[in-house]
Amino acid sequence: MNVVADHVNRLPADACRDALARCCGAGRWVDGMLAARPFASDAAVFTAAERVWWALDHDDWLEAFARHPRIGDRTPVAAPPAARDWARQEQAGMAGASEECRRALVEGGHAYENRFGHVFLICATGRGADDMLAELRRRLRHDAATEFRVAAGEQAKITRLRLEKLVSQ
C-alpha cells in the first residue's frame, strides 16, 4: 500500500509544493522532491526525501531549521499554519512540563542559539520535556560541526514523520 506516494503523486504541482513545504521548510528540498515525482512507492518517497535533504547545503538546512518553533516557547514562527499545528502536536510532551523544566528549556534553547546560531532542533514526537531538556544539555557540549549534523539528522526525522502525516490531514 503506497498511500504517501499516491497522495503526493496525485496533487497538482502548486498543492504539492505547499504540502511538501509543510514537511520541510527548505525551498530547495521542496524543489528536489517535486522534481523526483512521480514516486513508485512510499519507500521511494522516503528515500528521495533523505537523498534530497542530505544533498542540500548549510544555508538550506538553516532555512528549514528557522521554520521550527523553539521547544517550550509559545512564540509563533514563520511557517505554514499546518506546520505550526504539527509542531504543537510534536511537542505534546511539553504539556505536562513543570514551570521549572519549561523555563530551563527556554533558557537552554537561547544558550544553544547563541552557541550554534540556530534553533535547537529535536524530533520531539513521543518525548517528554525532561528527556528533551537532557538532550539539549548533552548537545550543548558538541562542537559546532557535530551539532549542525545532529540537528540536520533531527530535521530528517521530522520530515519523514510529516510526510506520513500528509495523508491524514
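**Exercise 1. Find which residues L136 is in contact with, leaving aside its neighbours within four places in sequence.**

*Solution.* Start at L136 and skip those sequence neighbours: what's left is L105, G108, G109, Y112 and F120. Contact here means heavy atoms within 4.5 Å. Now pick one partner, Y112: it is 24 residues away from L136 in sequence, yet the two C-alpha atoms are 7.9 Å apart in space. Next, place L136 itself: it belongs to helix 8, residues 129–139. Helices are DSSP runs of H or I with at least four residues, strands are E runs with at least two, and both are numbered from the N terminus. Last step: L136 has a relative accessible area of 1%, so it is buried. The cut-offs are under 20% for buried, over 50% for exposed, and partly exposed in between, using a 1.4 Å probe and protein chains only.

A quick note before going on: this is a predicted model, where local features need pLDDT of at least 70 and side-chain atom pairs count only at pLDDT 80 or more, while totals for chains, interfaces and linings use all residues. Residues are numbered from 1 along each chain as its sequence is written, and side-chain values use heavy atoms, with hydrogens and water left out.

**Exercise 2. Work out how W54 and W61 are arranged as an aromatic pair.**

*Solution.* First, the rule: rings of Phe, Tyr and Trp (its six-membered ring) pair if their centres lie within 6.5 Å; planes under 30 degrees apart are stacked, over 60 edge-to-face, and the rest tilted. Searching the whole structure gives six aromatic pairs. In one of them, W54 and W61 sit 5.3 Å centre to centre with 90 degrees between the planes, which makes the pair edge-to-face. Then check exposure: W54 is partly exposed at 29% relative accessibility, whereas W61 is buried at 6%. Finally, zoom out: ring pairs link both of them with W53, F65 and F148 into a cluster.

**Exercise 3. Explain why C24 has no bond to the closest cysteine sulfur.**

*Solution.* A disulfide is a covalent bond between the sulfur atoms of two cysteines. The test used is a pair of cysteine sulfur atoms within 2.5 Å. For C24, the closest cysteine sulfur belongs to C23 and is 8.3 Å away, so that's too far for a bond. C24 is also buried, at 1% relative accessibility. Over the whole structure, the search finds zero disulfides.

**Exercise 4. Count the helices and strands in the chain.**

*Solution.* Going through the chain, you get nine helices and zero strands. As for burial, 47% of the 169 residues are buried.
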